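Q: Could you take me through one part of this protein at close range? I would like to hear about the largest nonpolar core and what surrounds it.

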Amino acid sequence: MADAVKIYLDTITVENTRRGYAAALNRLVRDFGADIDVALLGREPDRVSGWLVFVWGSKSPKTFNLRLTALASACAWWRKQDWLAGPLVRLQSRPAPPDNSRAMTRDEVGELLAADVPLRERTLWTMLHETAARAEEILTLDVADLDTVNRCASVVRKGGARDVVYWQTGTARLLPRLIAGRKRGPLFLTDRRAKPSVALADIDPTTHRARLSYRRAATLFEQHTASMKRGPFTLHRRVHADADGVVRTCLGAQSREVHQGVGRGAGTVAGRHRPGVASSQPMIVTALRRLRCRVCVVPIPG
């Protein structure tokens with residue numbers, strides 16, 4: 001079991017995902033035994049299901065579902081190796097309604113972006129706000145990924161798919177100062193030189209500093225928002241939750257779809273037909289113009 005868990009976790013390249021999955025799988029090793037045959041899990045689905053409910057059944061639906069996802073993902077990978085059959089047939093994810101009560105309001109976002117903070121944090125938060133991208137997608141950017149002329153960059157989405165994000169004036173003004181003439185290396189760097197164990201791809205060849213990690217970025221975000229009235233906030237709760245905020249959050253994905261669909265016909269995104277897109281384009285264009293987003297400077301068919 002211990003070997004099976006270690007081998008599977010080594011296949012996960014995203015540090016934050018690997019850390020979250022390890023919390024469930026290491027507990028599995030501890031409770032079932034490091035030396036048992038992983039195939040035994042497939043023969044005792046009731047025992048595995050009962051264990052998961054016993055350990056995390058009293059937790060929130062979100063926590064329970066995260067642990068179930070970690071175990072299901074590991075079991076799916078182990079099944080591909082012919083190590084076991086499916087032990088989770090007794091379990092299903094629990095309904096978890098979204099909770100936006102802790103999301104930042106429009107005024108709080110404005111207060112945060114106007115705060116006296118280091119250039120790195122100001123650029124990261126502004127970029128996250130303007131692109132509506134996930135923090136890990138922005139933190140994994142390299143300087144070479146940026147198209148500063150067109151205010152966009154290529155990012156790797158969850159699951160490995162590549163996509164393009166766009167930013168506005170705030171980010172465009174800060175990026176040149178952050179890059180400071182660098183041509184290669186990670187966009188966001190730590191304050192200190194990298195340790196010898198850090199991969200070369202995560203080290204800036206000019207300053208020899210390492211890529212800023214999600215954990216460190218999240219810690220700094222909580223520290224800087226601790227003094228706010230409703231703070232501290234977590235990094236994934238950065239987008240405001242009022243009516244404009246809902247449009248803002250959804251607009252990131254919609255604006256990228258509109259940009260990718262230009263030239264392929266109305267209602268088409270990246271060569272695939274998207275029903276309903278054509279009818280929603282006027283609303284999207286109006287919102288884009290109001291936000292003065294660069295991506296709106298393209299003709300929209302229909």
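A: Happy to; here is a walk through that core, followed by a sheet and a second core. This is a predicted model, in which local features need pLDDT of at least 70 and side-chain atom pairs count only at pLDDT 80 or more, while totals for chains, interfaces and linings use all residues. Residues are numbered from 1 along each chain as its sequence is written, and side-chain values use heavy atoms, with hydrogens and water left out.

A nonpolar core here is a set of buried Ala, Val, Leu, Ile, Met, Phe, Trp, Tyr and Cys residues joined through side-chain atoms within 4.5 Å. Buried means under 20% relative accessible area, exposed over 50%, and partly exposed in between (1.4 Å probe, protein chains only). The largest such core holds 31 residues, and Leu 124, Met 127, Ile 138, Leu 141, Leu 146, Leu 187 and Phe 188 have the most contacts inside it. Among the elements giving it two or more residues are helices H7 (119-131) and H8 (135-139) and strand S2; H7 gives the most, with 4 residues. Helices and strands are DSSP runs (H or I, at least four residues; E, at least two), numbered from the N terminus.

Leaving aside neighbours within four places in sequence, Leu 124 is in contact (heavy atoms within 4.5 Å) with Ile 138, Leu 139, Phe 188, Leu 212 and Ala 217. Apart from this core lies another of 28 residues, including Val 5 and Trp 51.

As for S2, it belongs to an open sheet of 3 strands in the order S1-S2-S3, with antiparallel pairing. Strands S1 (146-147) and S3 (162-166) stand at the edges with a single partner strand each, so one side of each has no neighbour in the sheet. Two strands pair if DSSP finds at least two bridges between them, and 2 bridges join S1 to S2 (residues 152-156).
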